[in-house]
Amino acid sequence: EATRGAAARVSARGRGTLARRRYIALLKAACVAQLLARRRSARTTAATRRRRRDAATVLQSLVRGWSRKVWFQGARTAAICLEALARGWFGRRKAKRLRAAIAIEAAGRHFMVRQWYRGTKHATVCVQRRERGVQARRRYAEAQGAAVALQTMARRHLAATSYRNLRVGAAVAQKRAR
């Protein structure tokens, strides 16, 4: 009888040791599976982020090109209009230069127009430069805000996924432990 009880205790202790070893092996396997899943999720997320960044870069390039084209067309049209006005003005001035007094008056007017034109041109260039700077800063701020929003969404998604994976892993480990 005493031998049978001792054998039962030895057998129970051996089964317990084997069960603990199996449990530890299962825990290690679960950790490895979680690591592999996280690694794959990180790679997928990084690839998605790269694709989005590349798409945003292409869009920005197209918008910049279109904006420059529109600006150039407007500038060219303005230059053509100014040239037409100048040619008309010069033609009228030549026709009016019949007498010396008219020629002197015309020369004075021409000087004033040139000064006005230089001042207007300088003011126009200053206004355009300032407006382009404002637009560039605005576009940069919008792009930066969009980038921050994308980063926030991506980090929130990663955190939620990681937390969900940890909960599932913990639940599995607890279920197996019971």
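**Helices, cavity and pocket in a predicted model**

At 14% relative accessibility, threonine 161 counts as buried, because the value falls under the 20% cut-off for that class. The model analysed here is predicted. Threonine 161 is placed in helix H2, which comprises residues 100-177. A polar contact links the side chain of threonine 161 to the backbone oxygen of histidine 157, at a distance of 2.8 Å. Besides Thr161, the buried residues of H2 are Ala106, His110, Gly133, Ala154 and Gly169.

The length of H2 was compared with the value expected for a helix. At 1.5 Å a residue, a span of 116 Å is expected for the 78 residues of H2. The C-alpha atoms at the two ends of H2 are 113 Å apart, which agrees with that expectation.

Helix H1 covers residues 2-96. Two of its positions were examined for exposure and for separation from another residue of the chain. Arginine 21 is located in helix H1. With a relative accessible area of 58%, arginine 21 is exposed, because the value is over the 50% cut-off. Between arginine 21 and tryptophan 71, which are 50 residues apart along the chain, the C-alpha separation is 74 Å. Leucine 82 also belongs to helix H1. Its relative accessible area is 45%, so leucine 82 is classed as partly exposed. From leucine 82 to alanine 55, the sequence separation is 27 residues and the C-alpha to C-alpha distance is 41 Å.

Cysteine pairing was also considered. A disulfide is a covalent bond between the sulfur atoms of two cysteines. In this structure the number of disulfides is zero. Cysteine 31 has a relative accessibility of 49% and therefore counts as partly exposed. Cysteine 126, at 23% relative accessibility, also counts as partly exposed.

The search for enclosed space returned one cavity of 30 Å³ or more. The largest cavity holds about 50 Å³ of space. Its lining consists of Tyr23, Leu26, Leu27, Ala30, Gly169, Val172, Ala173 and Arg176. Helices H1 and H2 are the elements that give two or more residues to this lining. By class, the lining of the largest cavity contains six nonpolar residues, one polar residue and one charged residue. Gly169 thus appears both in the cavity lining and among the buried residues of H2.

Open space was treated separately. The largest pocket has a volume of about 1,000 Å³. A total of 29 residues line the largest pocket, and those nearest its centre are Ala56, Gln60, Arg64, Arg139 and Ala143. Two or more lining residues of the largest pocket come from each of the elements H1 and H2. The most are given by H1, which contributes 15 residues to the pocket lining. The lining of the largest pocket divides into 10 nonpolar, 10 polar and nine charged residues.

In summary, H1 and H2 supply two or more residues each to the lining of the largest cavity, and these helices do likewise for the largest pocket. The cavity lining includes one charged residue, whereas the pocket lining includes nine.

Technical notes. Residues numbered from 1 in each chain as written. Predicted model: local features only at pLDDT ≥ 70, side-chain atom pairs only at ≥ 80, totals over all residues. Heavy atoms only, no water. Helix = DSSP H or I, 4+ residues; strand = E, 2+ residues; numbered from the N terminus. Buried < 20%, exposed > 50% of the residue type's maximum accessible area, 1.4 Å probe, protein only. Polar contact = N/O pair within 3.5 Å; in protein donor to acceptor, adjacent residues only side chain to side chain. Disulfide = S-S within 2.5 Å. 1 Å grid on protein atoms, 1.4 Å probe; cavity = no way out; pocket = protein on both sides within 12 Å on 5 of 7 lines; lining within 4 Å. Points joined across faces, edges and corners; volume = space filled by probe spheres on them. Nonpolar A, V, L, I, M, F, W, Y, C, P; charged D, E, K, R; others polar. Expected span 1.5 Å × (residues − 1).
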